[in-house]
Amino acid sequence: MHKVVLVGAGSICRTHVKAFEGLGGRAKIVAIVSRHAENAQKVIDEMGLDARAYADHRSAIDAEECDIVSVCTPPDSHCEIAVYALEHGKHVLLEKPMAPSLAECDEIIDAARRAGKKLAVVAQSRFLTPVWRTKKLLDTGLAGKLLYTQVNSFWYRGRSYYDLAWRGQWATEGGGCTLVHAVHHIDLLQWMSGMPSEVTAVIGNVAHTNSEEEDVSMALLRYPDGRLAQITASLVCHGQKQALLFACEKASLEIPHAFAADTPLENGFPQENAALLAQLNEAYEAIPALAHEGHDGLVADLLDAIDRDREPLIGGGDGRRTMELIMAIYKSASEKTAVRLPIEKTDAFYTREGVTTKMPHFYKKTGFLSRFAKDEIVLASSNMK
């Protein structure tokens with residue numbers, strides 16, 4: 001049985017507990033860490049865990065006979081905790097975003113390589129059956145060559161969302177809706193469509209006057225083969241209708257599941273290709289459903305990777321590529337010009353300090369609550385089926 005120290009007792013912590021504890025005895029939470037140990041104890045009591053509460057991740061990692069550390073803290077602490085765990089011989093599951101900078105991503109990846117331990121990064125939307133099937137179907141080429149991708153990462157957050165102390169500041173949160181929310185869909189984009197060669201973007205803050213960061217961003221992506229993509233991220237969209245569209249030569253595939261296939265009439269207008277549409281839907285349904293979805297799938301994959309000595313399906317390289325695309329969006333928006341990838345180590349947007357200095361600070365951060373009395377969350381995967 002794998003023993004797990006879970007660092008962070010915030011809202012996402014309970015999702016990790018359920019995932020590790022719900023896999024038929026394959027894993028057990030032995031400790032939960034929070035700067036305020038009483039918060040960790042509260043989670044332990046609420047969820048009926050046989051675990052200990054700690055106020056410091058080092059103390060927990062040093063004291064407990066664990067082999068996995070699951071990191072559920074704000075982004076600015078990810079690198080320190082992950083590197084310490086890896087250097088002390090633990091495998092790591094790291095919540096999104098991987099880290100607030102490419103420099104910190106590289107530090108974590110290097111630590112995992114030196115330690116010879118597994119590093120998995122949370123991108124739970126990949127572990128949804130509709131997403132998995134669409135990815136597999138794209139890879140078959142049945143819909144033809146991919147031409148254009150549209151990503152709508154639409155969210156809604158009220159002004160009070162930024163009353164938490166660590167949110168709403170470039171130095172601690174690392175970014176607004178593009179980094180913290182659209183990270184899920186940007187991960188899917190780079191996984192399913194690949195990395196672009198050029199990014200042009202704009203950002204703004206249209207509603208959250210207690211945050212330094214953006215609450216809307218729009219980016220145009222150009223690929224080496226001429227393909228295009230578009231990403232829109234927002235915290236002001238009621239209903240949170242999130243979607244990805246993959247427009248291919250013969251058909252369009254969408255997440256949530258909606259396929260269309262047309263052939264052109266003599267005058268170029270469309271006529272439904274019923275035969276291809278039926279073939280696409282049949283092929284989609286024939287792809288086996290995932291045994292575990294969301295965070296359950298992430299955790300099951302990490303345990304399999306450890307037991308079978310293979311790499312996790314979502315590793316440090318995946319997390320870093322998503323961060324590089326986000327940093328390109330920020331760099332383009334800040335410098336008001338197209339940005340070529342990759343982002344070099346000499347670039348200001350490689351480090352957290354550089355991003356904090358270069359990015360516009362839209363409003364002065366106000367509100368410094370340590371936690372909300374009631375902190376219910378909606379996971380990205382809730383809107384993607």
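# Helix packing, pockets and loops

Biologist: How do α5 and α11 lie relative to each other?

Modeller: α5 and α11 are roughly antiparallel to each other. For the label, angles under 35 degrees count as roughly parallel, over 145 as roughly antiparallel, 65 to 115 as roughly perpendicular, and the rest as oblique. The two pack at an angle of about 170°, with their axes 10 Å apart. Axes here are lines fitted to C-alpha atoms, for helices over the stretch in contact, and angles run from 0 to 180 degrees between N-to-C directions.

Biologist: What am I looking at, model-wise?

Modeller: This is a predicted model, where local features need pLDDT of at least 70 and side-chain atom pairs count only at pLDDT 80 or more, while totals for chains, interfaces and linings use all residues. Residues are numbered from 1 along each chain as its sequence is written, and side-chain values use heavy atoms, with hydrogens and water left out. Element names follow DSSP runs numbered from the N terminus: helices are H or I with at least four residues, strands are E with at least two.

Biologist: OK, which residues in α5 meet which in α11?

Modeller: From α5 you get Leu-102, Cys-105, Asp-106 and Ile-109, and they meet Gly-316, Gly-317, Arg-320, Met-323, Glu-324 and Met-327 in α11. Contact means heavy atoms within 4.5 Å. By class, that's five nonpolar, two polar and three charged residues. Ala, Val, Leu, Ile, Met, Phe, Trp, Tyr, Cys and Pro count as nonpolar, Asp, Glu, Lys and Arg as charged, and the others, Gly among them, as polar.

Biologist: Moving to α6. At what angle do α6 and α8 pack?

Modeller: About 25°, with the axes of α6 and α8 10 Å apart. So α6 and α8 are roughly parallel to each other. On the α6 side the contact uses Val-131, Trp-132, Thr-134, Lys-135 and Leu-138, and α8 brings Leu-188, Trp-191 and Met-192. That contact has six nonpolar, one polar and one charged residues.

Biologist: And how far apart are the axes of α6 and α9?

Modeller: 9 Å, for α6 (residues 129-140) and α9 (residues 274-286), packed at an angle of about 120°. That makes α6 oblique to α9. Pro-130, Arg-133, Thr-134 and Leu-137 of α6 make the contact with Leu-280, Ala-283, Tyr-284 and Glu-285 of α9. The class count there is five nonpolar, one polar and two charged residues.

Biologist: Different topic: how many cavities of 30 Å³ or more does a search of the whole structure find?

Modeller: One. The largest cavity holds about 90 Å³ of space. It has 14 lining residues, and the closest to its centre are Val-121, Val-122, Val-183, Asp-187 and Thr-322. On a 1 Å grid over the protein atoms alone, a cavity is a set of points where a 1.4 Å probe fits but cannot get out; a pocket is an open set with protein on both sides within 12 Å along at least five of seven lines, and lining residues have an atom within 4 Å of a point. Grid points are joined across faces, edges and corners, and a volume is the space filled by probe spheres set on the points.

Biologist: Which element gives the largest share of the lining of the largest cavity?

Modeller: α11, with four residues. By class, the lining of the largest cavity has eight nonpolar, three polar and three charged residues.

Biologist: What about the second largest pocket, how much space lies in there?

Modeller: About 220 Å³. Helix α10 (residues 294-308) gives the most to its lining, with four residues. The residues lining this pocket include Phe-127, Trp-132, His-292, Asp-301, Asp-304 and Arg-310. The class split is seven nonpolar, two polar and three charged residues.

Biologist: Any backbone oddities to check?

Modeller: The peptide bond from Lys-96 to Pro-97 is cis, with omega near -20°, and Pro-97 sits in the loop between β5 (91-94) and α5 (102-115). Ile-255 and Pro-256 are also joined by a cis peptide bond, with omega about 0°. Pro-256 is in the loop between β12 (251-255) and β13 (258-264).

Biologist: And what is phi of Gln-240?

Modeller: Near 50°, a positive value in a residue other than glycine. Gln-240 belongs to the loop between β10 (228-234) and β11 (243-248).
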